[in-house]
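Colleague: I should like to go through the reasoning behind the assignments in this entry. Please set each value beside the criterion that it is judged by.

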Amino acid sequence: MTGELEKILFIVVAAIAVASALNILIQRNPLYSALSLIGTLLSLSVLYLTLRAQFIAAIQIIVYAGAIMVLFVFAIMLLNVPKTQPEVEKQKGLRLLAIPFAGVLIAEMFFVLRQIRPLTLPVPSGDPDQVVGTTWSIGTALFSDYLLPFEVTSVLILMAVVGAMVLARREGD
Amino acid sequence: MTNLLLEWVIKTIVILLILVTAVAYVTLMERKVMAWIQMRVGPNRVGLFGFRLWGLLQPAADGLKMIFKEDIVPLQANRWLYIFAPAFSLIPALMTFIVIPYGSEIHLFGRAIELHVTRMNVGLLYVLALTSVGVYGIVLAGWSSNNKYSLMGGLRSSAQMISYELALGLSIVCILLYSGSLDLVEIVNKQSVWFGHMGWNIFRFPLMFVFIIFYIASLAETNRTPFDLPEADSELVAGYHTEYSSMKFVMFQMAEYLNLITASSIATTLFFGGWNGPFVGRLPILGPVYFVIKVLALIFLAMWIRYTVPRFRYDQLMRFGWKVLVPAAIVNIIITSTVILFLT
């Protein structure tokens with residue numbers, strides 16, 4: 001019964017995710033696109049929950065839907081885009097280039113789908129607070145096995161922050 | 001399975017009803033406390049059959065009045081977003097409460113019922129996620145009203161909430177260092193006595209300072225005075241809900257008071273031992289009573305601050321958030337980790 005429920009939930013949420021992802025591209029108003037992106041992010045986090053990755057699901061909402069998208073919406077509201085959108089400049093060359101790229105992307109997707117088919121979710125065993133996907137398991141992995149990549153990433157982000165501040169600083173401040 | 005599902009549904013409905021009633025009476029409490037601080041009488045007229053009942057039926061009269069107000073959608077407003085914005089701010093406010101434990105376990109109809117709707121091992125992150133999503137209601141209301149005061153209110157609120165969320169999250173990290181769990185039920189269980197090893201977090205060394213940071217940040221998150229810049233009456237008319245009337249306006253008010261209740265409940269859970277208190281081990285029914293008393297005390301504190309402290313200026317607010325609260329929270333994390341390192 002739980003499996004059936006999970007399947008129904010997956011189909012509904014995945015449909016919402018795909019529909020709002022399409023809506024991002026269709027909408028002319030950038031604010032609607034941003035809102036659809038929030039919809040996609042929220043439904044993705046529900047999908048993470050069905051995969052028993054609670055930590056990733058919560059972080060997905062806090063970081064992407066909560067922080068980054070608020071900044072996007074903030075910027076869109078501040079710029080107050082005009083209602084009539086200027087036509088996007090048509091670049092024939094880029095359009096021709098897009099076809100092979102799309103082909104490669106789709107082929108890649110099918111390849112990945114074929115690869116992951118035999119995989120199933122690991123059956124949770126042992127302490128429920130310490131199975132894969134919980135905060136405990138991710139924290140332990142990050143600060144032991146993957147310590148160096150973790151620290152390097154944080155230094156990289158720090159560099160980006162400092163760079164952004166230097167670029168945004170006005171002369172004479 | 002069906003039994004468990006039924007239990008969840010009943011618990012959710014009961015919590016929902018209690019919360020909605022509590023919101024109505026917190027508005028009455030706000031008016032009474034305000035009147036008391038300002039040496040007035042406050043609402044004391046509304047009663048039944050000629051009995052005044054100390055104005056206890058005031059919320060019912062208010063609600064009835066708001067229902068019969070005209071529901072206006074401005075012509076130039078963005079119609080759908082304008083209609084949905086109150087829901088965007090009310091729903092996250094209602095959803096937060098399901099992870100908060102308000103008692104240990106009572107026996108009813110021959111089965112043990114745990115007094116929390118659900119527990120998850122990312123409970124605290126869930127609360128943070130909902131707070132960060134709650135800002136959209138205000139932002140969208142401000143934008144869709146097509147009114148410059150509303151827009152300014154919405155923009156201010158999003159900037160304020162992003163800034164103070166950081167301090168809020170960082171102050172929660174100190175709690176995590178002590179409790180070692182994100183599960184709110186677990187955090188409460190670790191504060192079963194007043195002092196000492198399993199004592200309330202508020203009585204531990206760096207955590208009393210953390211509470212000050214947490215409380216200031218949560219006042220800012222709930223848009224309470226002195227941080228009510230998004231709806232600063234003297235500059236912005238009513239801020240993001242200037243154009244709203246009737247029940248849509250009520251939904252914003254409800255969301256605001258729900259956020260106050262939730263913030264007080266989270267503070268109770270994290271710092272004041274949740275539902276713990278004397279004799280609660282022998283009489284589990286006392287758990288919810290202690291919980292409500294503590295939450296009411298914290299709500300009273302927020303009201304006290306509201307009618308005592310004047311509003312910040314906007315640049316002061318931002319400077320205070322980024323240059324005082326965030327560094328203070330980071331220093332507290334370092335102190336807390338050092339203390340824990342030497343204790344263990």
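**Burial, salt bridges and the chain contact**

Modeller: Of the 344 residues of chain B, 52% count as buried. The model is a predicted one, and chain B has eleven helices and two strands. Their order from the N terminus is α-α-α-β-β-α-α-α-α-α-α-α-α.

Colleague: What makes chain B as compact as a globular protein of that length?

Modeller: The radius of gyration of chain B is 21 Å, and the globule rule gives 20 Å for 344 residues; the two values are close, so chain B is as compact as a globular protein of that length. The C-alpha atoms of chain B fill a box of roughly 65 × 55 × 50 Å along the principal axes. Of the contacts in chain B with a separation of 6 or more, 75% are between residues 24 or more positions apart.

Colleague: Why is Glu30(B) counted as buried, and why is Arg306(B) counted as partly exposed?

Modeller: Buried means under 20% relative accessible area. Glu30(B) has 3% relative accessibility, and therefore counts as buried. Arg306(B) has 26%, which lies between the limits of 20% and 50%, so Arg306(B) counts as partly exposed.

Colleague: How do you know that Glu30(B) forms a salt bridge with Arg306(B)?

Modeller: The criterion is a side-chain nitrogen of Lys or Arg within 4 Å of a carboxyl oxygen of Asp or Glu. The closest N and O atoms of Glu30(B) and Arg306(B) are 2.9 Å apart, so the pair meets the criterion. This pair links distant parts of the chain, with Glu30(B) in helix H1 (residues 2-37) and Arg306(B) in helix H10 (residues 286-306) of chain B, 276 residues apart.

Colleague: What makes Arg313(B), Asp315(B) and Arg319(B) one network?

Modeller: Asp315(B) forms a salt bridge with Arg313(B) at 3.0 Å, N to O. Arg319(B) also pairs with Asp315(B), with the closest N and O atoms 3.5 Å apart. Salt bridges that share partners thus join Arg313(B), Asp315(B) and Arg319(B) into one network.

Colleague: Why are Arg319(B) and Asp315(B) separated by about one helical turn?

Modeller: Arg319(B) and Asp315(B) are four residues apart in helix H11 (residues 314-343) of chain B, which means a separation of about one helical turn. Asp315(B) is partly exposed, with a relative accessible area of 34%, and Arg319(B), at 46%, is also partly exposed.

Colleague: What does chain A contribute to its contact with chain B?

Modeller: Chain A has six helices and zero strands, and buried residues make up 19% of its 173 residues. The contact takes 25 residues from chain A and 21 residues from chain B. The two chains bury about 2100 Å² between them, 77% of it on carbon and sulfur atoms. Helix H2 (30-50) and helix H3 (54-79) of chain A each supply at least two residues of the side that touches chain B. The largest share, 14 residues, comes from H3(A). By type, the side of chain A that touches chain B divides into 18 nonpolar, six polar and one charged.

Colleague: How many salt bridges cross the interface of chain A and chain B?

Modeller: The rule finds zero salt bridges there, while two residue pairs are in polar contact between chain A and chain B.

Colleague: Why is Leu37(A), in helix H2 of chain A, called partly exposed?

Modeller: Its relative accessible area is 28%, between the limits of 20% and 50%, so Leu37(A) is partly exposed. Leaving aside neighbours within four places in sequence, Leu37(A) is in contact with Ile24(A) and Met69(A).

Note on methods
Residues are numbered from 1 along each chain as its sequence is written. Chains are lettered from A and ligands numbered from 1 in the order in which they are written. This is a predicted model: local features need pLDDT of at least 70, side-chain atom pairs count only at pLDDT 80 or more; totals for chains, interfaces and linings use all residues. Side-chain values use heavy atoms; hydrogens and water are left out. Contact means heavy atoms within 4.5 Å. Buried area is the accessible area (1.4 Å probe) that two parts lose on being put together, summed over both. A polar contact is a pair of N or O atoms within 3.5 Å; within protein, one must be able to donate a hydrogen and the other to accept it, and residues adjacent in sequence count only if both atoms are side-chain atoms. Ala, Val, Leu, Ile, Met, Phe, Trp, Tyr, Cys and Pro count as nonpolar, Asp, Glu, Lys and Arg as charged, and the others, Gly among them, as polar. Buried means under 20% relative accessible area, exposed over 50%, partly exposed in between (1.4 Å probe, protein chains only). The radius of gyration is taken over C-alpha atoms; the globule rule is 2.2 Å times the number of residues to the power 0.38.
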